[in-house]
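User: Can you walk me through this one? I'm new to reading structures, so keep it plain.

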Amino acid sequence: MQNAVSQSRRAFLSRTGQLTTAVAVAGLGGMSREAAAETQNCVEGATMTAVTDNHYLLADVRLEESFEKEGDIVVATRTALYTLEIKDGRIATLHAAGATLPAGLPRYQANGQLALPTMRDMHIHLDKTFYGGPWQAPRPRQGKTIMDMIALEEKLLPKLLPTSVERAEGLIALLQAKGSTIARSHCNIDPVSGLKSLEHLKLALEEHKDDFVCEIVAFPQHGLLHSEVDGLMREAMQMGVEYVGGLDPTNVDSAMEKSLDAMFQIALDTGKGVDIHLHETSPAGVAAINYMIDTVEKNQALKGKVTISHAFALTTLRPEVLEETAARLAANGMTIASTVPIGGLMMPLPQLSKAGVFVMTGTDSVIDHWSPFGSGDMLEKAYLYAQLYRGSDEYRLSRSLAISTGGVLPLADDGTRAWPKAGDDAGFTLTSASCSAEAVARVPARSATFHKGRLVSGEVGKASS
Ligand SMILES: [Zn+2]
């Protein structure tokens, strides 16, 4: 906590320094020394870390206006400063520069920072993390199978449970600091922790019901059949869980069709969706994907409600088979959740999107016994996406943001402004970039995150009314 306070103070001091410099430059342009000092004092004394007004103005928010082209090539992005009028959790009005503003409302200052749509972390495990605890690297993975990892977890889970509520809350704070206030968390349902992981996760989410929205996937990490948790999974469905999870039906449950049938049956019986971890890259992984598509085709109640997380088997398909599979995934409204892996597995994410498959991303692990490399930053996922799929130009950089925001982009493909619009939820994050292309390429820090009109992380300036 000491550390957090001193970091925040450092950030404040460095920002004040920048503003002082700005004021000094303005002074050269004719502002009197007294006026400059007054501006400086006003800014210095008024950094707000909480905004809970129901109706207020947020001034000098940078929004994207259009693309600038040379011939057919997008070479830059035009922006302008707006005052957002926020009311009842929504953006009521976007006031352009020079517009007459409604009087008497509290006013806050975005200081020219760029607004980006809310980031969505659509695959994370909030329930079991080392984040917030002492440094601990995962054990060597070389030569280990997923069954070895499950055996390790059986010993680890009882040690994690006593702190799992506070650690989940710490992770939520990290996500918010990076601009994510919408998430989907997997949550272990296993014989060791029973329903305790879920109970703890729900306690953490309850604390954040006004500042963070999170769907839960009941995740049979030790195998739906292997660990015999069908009954526990069904109990979990009565506890506010939205998705039935699953895991490698061949490698873990050794019975692909039986395992997938059991998973889908819980979903059909309870009216929930499905989100399965499928890491298998063998032909069995491809068979599992095809079997799931067949199942959704036969059960229209599942249409639009099934997500395959990771789906590494898609990397093994020949182009024409991938095209056919992607078309079937799209036709059945099936979603792919990918962490945008680097290394040997190059997921065909652009090809899936082009075929109409909804592709989303997530953190998976920030730091736990699986991986120590996560930052919790969805903007970093857009950066990876752009880098991996040759998106280094202004236009493609700006499009790459879609994977992080659930497809919400400030500018539509034709360059017209698509977001934000009056009436939209007041959810956004502020960052020191000139446009989304720069934000994706440079991944600047986020200075403030808003959710339903509330400042939930970071800080803004307080302007005089
Ligand atoms: Zn996962």
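Analyst: The chain is divided into domain 1 (2-117 + 423-462) and domain 2 (120-376). Keep in mind that this is a predicted model.

User: How many residues of domain 1 are in contact with domain 2?

Analyst: Eight residues of domain 1 are in contact with nine residues of domain 2. The area buried between these domains is about 740 Å². Carbon and sulfur atoms give 53% of that area.

User: Which three residues supply the most of what domain 1 buries?

Analyst: R446, H451 and V456. They supply 54% of the area that domain 1 buries against domain 2, more than any other three residues.

User: And how many salt bridges are there across that interface?

Analyst: The rule finds zero salt bridges between domain 1 and domain 2.

User: Let's switch to strands. Is strand 12 buried or exposed?

Analyst: Five of the five residues of strand 12 (residues 306-310) are buried, so strand 12 is largely enclosed by the rest of the structure.

User: Which strands pair with strand 12?

Analyst: Strand 11 (residues 273-278) pairs with strand 12 in the parallel sense, over five bridges. There, I276 stands opposite I308. Strand 13 (residues 335-338) also pairs with strand 12 in the parallel sense, over three bridges. In that pairing, T307 has T335 as its bridge partner.

User: Which helices go with those strands to make β-α-β units?

Analyst: Helix 8 (residues 283-298) joins strand 11 and strand 12 in a right-handed β-α-β unit. Helix 9 (residues 319-331) makes a right-handed β-α-β unit with strand 12 and strand 13.

User: Back to salt bridges. Why can side chains pair up like that?

Analyst: Side chains of opposite charge can pair when their charged atoms come close.

User: OK, how many salt bridges does the rule count?

Analyst: The count comes to 16 salt bridges. One of them is between R78 and E68, whose closest N and O atoms are 3.7 Å apart. That pair links distant parts of the chain, ten residues apart. R78 is in strand 3 (residues 73-87), and E68 is in strand 2 (residues 55-70).

User: How accessible is each partner, R78 and E68?

Analyst: R78 is partly exposed, at 41% relative accessibility. E68 is partly exposed too, at 32%.

User: What about K196 and E199?

Analyst: Their side chains meet in a salt bridge, at 3.0 Å from N to O. K196 and E199 are three residues apart in helix 5, so about one helical turn separates them. K196 is partly exposed at 42%, and E199 is partly exposed at 32%.

User: While we're in helix 5, is H200 buried or exposed?

Analyst: H200 lies in helix 5 (residues 196-207). H200 is buried, because its relative accessible area is 17% and the cut-off for buried is under 20%.

User: What is H200 in contact with, apart from its neighbours in sequence?

Analyst: Leaving aside neighbours within four places in sequence, H200 is in contact with L161, S164 and V165.

User: Where does R396 fit in?

Analyst: R396 forms a salt bridge with D393, with the closest N and O atoms 3.0 Å apart. R396 is partly exposed at 46%, and D393 is partly exposed at 27%. Elsewhere, salt bridges that share partners join R184, E215 and D275 into one network.

User: Last one. Where is D269?

Analyst: D269 lies in helix 7 (residues 256-270). D269 is partly exposed, with a relative accessible area of 48%. D269 and R234 are 35 residues apart along the chain, and their C-alpha atoms are separated by 9.1 Å.

Definitions and conventions:
Residues numbered from 1 in each chain as written. Predicted model: local features only at pLDDT ≥ 70, side-chain atom pairs only at ≥ 80, totals over all residues. Heavy atoms only, no water. Buried < 20%, exposed > 50% of the residue type's maximum accessible area, 1.4 Å probe, protein only. Helix = DSSP H or I, 4+ residues; strand = E, 2+ residues; numbered from the N terminus. Pairing = 2+ DSSP bridges. Right-handed = clockwise from strand over helix to strand, strands pointing away. Domains from an automatic or database assignment. Contact = heavy atoms within 4.5 Å. Buried area = accessible area lost by both parts, 1.4 Å probe. Salt bridge = Lys/Arg side-chain N within 4 Å of Asp/Glu carboxyl O.
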